Amino acid sequence: MTKSPNIILYLCLVYYLAAALVTPGFFTVNNTWNLLYNLMPLLIVAVGQMLVILTAGIDLSVTAIIAVTSVVGGYIMSADYSPVDSSSLAIALGILGMVITGGIIGLINGISVAKLKMPAFMVTLTGLMFFGGFAVWLTKSQNIYNLPAGLVDMPYTSFLGLPLPIWTGLLVLGLIYLVLNKSLLGEWIYAVGVNPKTSRISGVNVDLTIIMVYMLSGVTAAIGSVLYTARLETGSPVMGQNLLLDVIGAVVIGGTSLFGGKGLLQWTVAGAFFMAMLDNSLNLAGLSYFLIMIVKGVIILSAAMLNVWGERKVIWSA
Amino acid sequence: MSNPVIFKRLRGQSIVILLALVILVFSLLSPGYFTTQNFLNILLQASGLTIVATGMTFVLLTAGIDLSVGSIMFVAGVISGKLVVGGLSVWLAVPVTLVLGIILGLMNGWFVVRFKIVPFIVTLATFFAGRGLGLLISETRAVNLPDEFLQIGSARILGIPLPVIIMIMVVAVAQLVLDRTVFGRQVYAVGNSQERSVKAGINLNRVLLRVYIICGCCAALGGLVAIAQLGAVSPTFGFQSEFMAIAAAVLGGTSLFGGKGRVFPGTLVGALLIQSIQSGLVIVNADPYLYPLITGTIIFLIVLVDSQRHYRRKQMKGIST
């Protein structure tokens, strides 16, 4: 493992201060909540993605998982379709259904990569096409409305002073932290990323590790989808459509190597925070949609340059 | 085994057999599929993707990635459209657009070699910036192209559509460059091991810079060829084209980890395969909602069959050594 402090952490801090000074309305209580609400689902999906990338894989299907689970959850929970009368039972079943759906898609991805020896990029790209198309086909591109009040109010419900989405994010982060740093699976994930062949010889269950990371990615995408669905108050077949490169970008800008084996949870947290902050501050600055995209590109590049200068070494470990 | 060379070549190209299989299935499903006209159409519609994927193959061979090709296609389409609408001749607008593609590719390459930033991040940045620039210029509206453009798309030389001729030329030149030039060998060497290629005296930065320039130029050209058939540039033109280009190259046997792959037949067959499926679905009148499901499933099965063959061959090799 590298011990060099990753500059993305400082970069986040500097950008935060700069945005607070320059952008009116950024450094307010209201916007801070807003920022955190936007951050949580992205962060949750990104840490799942990080596990996959640590094994030198990639999961392009996460946005399709977000869409499919949003639709599945919508059908289970919405008053228009729901088979159950009690709304709290519907919410429980809905969230359970979403997580199971995400897990199953992750399982399919994982088995295809680990057991069928297919390239992760192609498996999850076809997954993106298939499940993205499946969500649209299932709903005939209609949104699902009339979600139960309990779910819609969830983002604004507090427990011990913190809103539930923040708790969700902290819980997922905590679990992933334990998996990565305190469990055998965590050791295996890094080992597989460094070299699958030698780790297999030294007793690592490579196939199981790979299946687990894709399942975790599927489950985190589903949890992210719960938050998005609650926030937008609809089950939508195009939910998360434009998020894919934000998710992978958050992981990679956090310094996780796409070639596997190198990356830390806190880097990805910083990377996701950076991406969410970028969107939030540029929106507040009142820039038009296309200017936001241009500036976003420039800032991502500048951040990466600073990162390289900070490390003073080649991060391209190909 | 009477002709071992051909046998060996075919064995390495299971993707060609799979393409034949896809064509066979669609031909059985619909009589309109197995016609010269339809095959010409498939070639025509695949031309843009093939050209973009050819440039992408160079980048993938060096273990890089270029996420910006879809955005470059979009910017190229918007700017050439605006130039021609503004009164510039098509014959000037096309080279200007290609130069633009080269400049964007140069920018990608420059950031990769000068600052040692991972290609994924560099091209992610140009992905956002390029899309934003295109939307800015087009004011997020569709750009309708004048007839001169459509004439390029529908022009024929000796009965063969011009886009197909351009595609064949690009593929042929690209494979010749890879096979017959020093630069071509250096691309493979860099992809196999950057460290060793530097030790062997290869100018790593120059090779990387060139592959991104080639990719940018191919993306602009592919964009032009595609819009010459469409007649308009919508704000979503080129969206997710980067993934389709990578898919075409990978289906054709190019490794995402560098050093392995060919433009001909590999990438060309990969792109034709994707287009054959899409044309087939239109001809058999499939429910449009099902297109992505069926396309996804077929590509998945093809990758599955292909990887099983590779895996088994590897295992056999492992036993024999």
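Here are some worked exercises on a predicted model with chains A and B.

**Exercise 1. Size up the two chains.**

Task: Work out how chain A and chain B each stand against the radius of gyration of a compact globule.

Solution:
- Start with chain A. For 318 residues, the compact-globule figure is near 20 Å; chain A comes in at 19 Å, which agrees.
- Its C-alpha trace spans about 55 × 50 × 40 Å along the principal axes.
- Now chain B. With 321 residues the figure is again near 20 Å, and chain B has 20 Å, so that agrees too.
- The C-alpha trace of chain B spans about 65 × 55 × 40 Å along its principal axes.

**Exercise 2. Take stock of the secondary structure and the packing.**

Task: Find how many helices and strands chain A has, and do the same for chain B. Then look at burial and at contacts along the sequence.

Solution:
- Chain A has 13 helices and 2 strands, while chain B has 14 helices and 4 strands.
- In chain A, 54% of the 318 residues count as buried. For chain B, the buried share of its 321 residues is 51%.
- Next, take the contacts between residues at least 6 apart in sequence. In chain A, 78% of these join residues at least 24 apart; in chain B the figure is 79%.

**Exercise 3. Follow helix α2 of chain A to two partners.**

Task: Describe how α2(A) packs against α11(A) and against α7(A).

Solution:
- Take α11(A) to begin with. Helix α2(A), residues 29-54, packs on α11(A) at an angle of about 65 degrees, and their axes are 9 Å apart.
- The crossing of these two helices is right-handed.
- From α2(A), the contact uses Leu42(A), Val45(A), Ala46(A), Gln49(A), Met50(A) and Ile53(A); from α11(A), it uses Asp246(A), Val247(A), Ile248(A), Ala250(A) and Val251(A).
- Sorted by class, the residues of this contact are 9 nonpolar, 1 polar and 1 charged.
- Now turn to α7(A), residues 164-182. The axes of α2(A) and α7(A) come within 9 Å and cross at roughly 25 degrees.
- Angles under 35 degrees count as roughly parallel, and α2(A) and α7(A) are therefore roughly parallel to each other.
- This crossing is left-handed.
- On the α2(A) side you'll find Leu36(A), Tyr37(A), Met40(A), Leu43(A), Ile44(A) and Val47(A), which meet Pro165(A), Ile166(A), Thr168(A), Gly169(A), Val172(A), Leu173(A) and Ile176(A) of α7(A).
- The class tally for α2(A) with α7(A) is 11 nonpolar, 2 polar and no charged residues.

**Exercise 4. Place two residues of chain A.**

Task: Decide whether Met98(A) is buried or exposed, do the same for Leu278(A), and list what each one touches beyond its sequence neighbours.

Solution:
- Met98(A) sits in helix α4(A), residues 87-114.
- Count its surroundings: 29 other C-beta atoms lie within 10 Å, so Met98(A) is buried. The cut-off for that is 20 or more.
- Setting aside residues up to four places away in sequence, Met98(A) touches Thr69(A), Val72(A), Gly73(A), Ala222(A), Ser225(A) and Val226(A).
- Gly74(A) is 24 residues from Met98(A) along the chain, and their C-alpha atoms are separated by 9.3 Å.
- Leu278(A) lies in α12(A), residues 265-284. It has 22 other C-beta atoms within 10 Å, so Leu278(A) is buried as well.
- Beyond four places in sequence, Leu278(A) is in contact with Lys296(A) and Ile299(A).
- For Leu278(A) and Tyr81(A), 197 residues apart along the chain, the C-alpha atoms are 38 Å apart.

**Exercise 5. Inspect a helix of chain B.**

Task: Find how many of the residues of α12(B) are buried, then see what follows the helix.

Solution:
- In α12(B), residues 241-251, 10 of the 11 residues are buried, so the helix is largely enclosed by the rest of the structure.
- Among the buried ones are Ser241(B), Glu242(B), Met244(B) and Leu251(B).
- After the helix comes Gly253(B), with a positive phi near 100 degrees.

**Exercise 6. Read the interface.**

Task: Work out which elements of chain A give two or more residues to the side that touches chain B.

Solution:
- The contact brings together 38 residues of chain A and 42 of chain B.
- On chain A, the elements giving two or more residues are α5 (120-139), α11 (244-253) and α13 (289-311).
- α13(A) gives the most, with 13 residues.
- By class, the chain A side has 30 nonpolar, 5 polar and 3 charged residues.

Technical notes: Residues are numbered from 1 along each chain as its sequence is written. Chains are lettered from A and ligands numbered from 1 in the order in which they are written. This is a predicted model: local features need pLDDT of at least 70, side-chain atom pairs count only at pLDDT 80 or more; totals for chains, interfaces and linings use all residues. Two residues are in contact if their C-beta atoms, placed from the backbone, lie within 7 Å. Ala, Val, Leu, Ile, Met, Phe, Trp, Tyr, Cys and Pro count as nonpolar, Asp, Glu, Lys and Arg as charged, and the others, Gly among them, as polar. The radius of gyration is taken over C-alpha atoms; the globule rule is 2.2 Å times the number of residues to the power 0.38. A residue is buried if 20 or more other C-beta atoms lie within 10 Å of its own, exposed if 12 or fewer, and partly exposed in between; C-beta atoms are placed from the backbone. Axes are lines fitted to C-alpha atoms, for helices over the stretch in contact, and angles run from 0 to 180 degrees between N-to-C directions. A crossing is left-handed if the near helix is turned anticlockwise from the far one by less than a right angle, and right-handed if clockwise. Angles under 35 degrees count as roughly parallel, over 145 as roughly antiparallel, 65 to 115 as roughly perpendicular and the rest as oblique.
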